[in-house]
Amino acid sequence: VGGYCWITGANKTSKLQTEFGSFHVWWGPDFADTGKCGGYPDCNRGGKWSIWPGKEELQKHFHYAAEEFGLLPHIRFQCNVSSMDIVGDKEAESRYYNLTVDSLTGGETTQVPVSVMYNYPGSLTRNRIIDYPGEDSFEGEIRYGMNDDTPYEKLRDTNCAILGNGAFAVENARTCIENGSNKVYIVTRRKNLASPRLPCWFVHQGPVPTPGAFVLKMFEPMYEKCGMGDPWKYWSVHSNSDRTLVNIIQNSRFGIGDVTFLMVAWGRLEYVQDTLKRCTRHTLHLTGGRKLTGVTVILKALGLLGDFEVDKLHKMTELVGNFCGGDWRRVLMIDATGMNAANFTTFSTGIGTTGFVIQNKYLHDFPKEFYRMQKLGLLSQLPRHKSELDLEKPAYLTDVKFAMSASIIVEGMCPKISMLQARFPEYKYAMYHHAHGLDRTLEVVREEWDRYQKEWEDQGFDHEYVPYPYTREMVDGWFKAWSDLMKIPISSDGPPKLNR
């Protein structure tokens, strides 16, 4: 149980970048009420889960939830839905979908009729393949940074270059250093914003979205301490002159992790804003003229591509909102690409997935609500996306702006859906402080920060100790400033009933 991303795509060294509280699959106040799956997750010392679990623990958590909900007997593993036929008129209530299901283990092909389809194809499942001149003369390892293609056994005492700057690129930098590399270069056309852990935690515990300007102010201490520049001057930041209003637009989500900044501070990670022109033996020749010498490992993290087989399965030429070909009984969700926001509820896909399911299940449970909206012109108002062949983008592959617009339009026309999520803010705030409150989170990030520096010193790297940039007092100040700004009182100790 776990899907492509955490079974196949993730490396053995992959970790959840956001906190467990934002990602666990039993997210929502109904689980807190019933105690299903233990209610609030426990990531405290001695608890069941880690705050930032690795691949194996995340797979365990998926399996645990499937067992708790009795789903395993109803899941067919190792099979592929190879084709779909719509039986009946597209608008007929009696229509259904006949799925051809092929076994991947040599079993029989079967036909499965269904009346509703929820599709989770994964947004990006294929590496973007780019070959550079001179690769054949590089005389080192040239790999892709996912699917465990990384040559872990050959990383020690090497210099590595990572091409790209998405979340996977940042993760690969950590993997290289943890496996004994001396120096890592991230070669990128444009340097994307990365997020330290505490600002990420703060955004997720907030009951309502945190303004982008507030987020960047929380970034400042880490960026300044570690020599990562001024976050306000990154290419993706669009703000007014007094820095009170901000919109952040970039093609990938934040790479999240404190070790990224610490590696830069120690000189073990360097961002190089340039592009690769060609390779020679153990050397990268960059377009701007610089040469990166002594490099023996190149990891490509140049982005991922969608799968046109998804469009083919649905026989669709466009995605209308979340509806395949405009069919509201075939809904599709991916981890929408990129970032385009002025306010932040989450840096993770988990919370949005819960909202997607609630929204569409309500319409399927009460179809007259959909028909009412249809008569009011819902389908004509929803965003549409056709395949973009020149960009290798199937119709189903949409960005975060598209996904947010679709959700807002549907909820705007059906306020009852919003009512089903009315308790989310209260739950989000309480759950986060129960699962991994501020003191526990600070304890873990400081322990990790110091552990990395001790390990590097023991390995012979010489650098003065870098104090952790955030303190409890600093974060207490965030809570006060946020409460004053948003006119909603929150506390660094969480809701009163959680205070000890």
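This passage looks at a three-stranded sheet, a pair of helices and a pocket in a predicted model.

Starting with the sheet, three strands line up in the order β1-β2-β3, with antiparallel pairing, and the sheet is open. Its edges are taken by β1 (79-87) and β3 (110-114), each of which pairs on one side only. From one strand to the next, the twist averages 25°. The link between β1 and β2 (residues 96-103) is made of eight bridges, with the two strands running antiparallel. As one example of the register, N80 has D102 in β2 as its bridge partner.

Next come the helices. α9 (residues 350-365) packs against α10 (residues 367-375) at an angle of about 100°, and the axes sit 4 Å apart. Angles of 65 to 115 degrees count as roughly perpendicular, so that is how α9 lies to α10. On the α9 side the contact uses Y362, L363, H364 and D365, which meet P367, E369, F370 and M373 of α10. Sorted by class, this contact comes out as five nonpolar, one polar and two charged residues.

Helix α9 turns up again in the second largest pocket, where it is one of the elements giving two or more residues to the lining, along with β23 (339-341), β24 (343-344), α12 (400-413) and α14 (424-436). The biggest share, seven residues, is down to α12. This pocket holds about 1,200 Å³ of space. Its lining runs to 42 residues, with T345, T346, G352, M404 and S407 nearest the centre. Class by class, the lining splits into 23 nonpolar, 15 polar and four charged residues.

Note on methods. Residues are numbered from 1 along each chain as its sequence is written. This is a predicted model: local features need pLDDT of at least 70, side-chain atom pairs count only at pLDDT 80 or more; totals for chains, interfaces and linings use all residues. Side-chain values use heavy atoms; hydrogens and water are left out. Axes are lines fitted to C-alpha atoms, for helices over the stretch in contact, and angles run from 0 to 180 degrees between N-to-C directions. Angles under 35 degrees count as roughly parallel, over 145 as roughly antiparallel, 65 to 115 as roughly perpendicular and the rest as oblique. Contact means heavy atoms within 4.5 Å. Ala, Val, Leu, Ile, Met, Phe, Trp, Tyr, Cys and Pro count as nonpolar, Asp, Glu, Lys and Arg as charged, and the others, Gly among them, as polar. Two strands pair if DSSP finds at least two bridges between them. On a 1 Å grid over the protein atoms alone, a cavity is a set of points where a 1.4 Å probe fits but cannot get out, and a pocket is an open set with protein on both sides within 12 Å along at least five of seven lines; lining residues have an atom within 4 Å of a point. Grid points are joined across faces, edges and corners, and a volume is the space filled by probe spheres set on the points.
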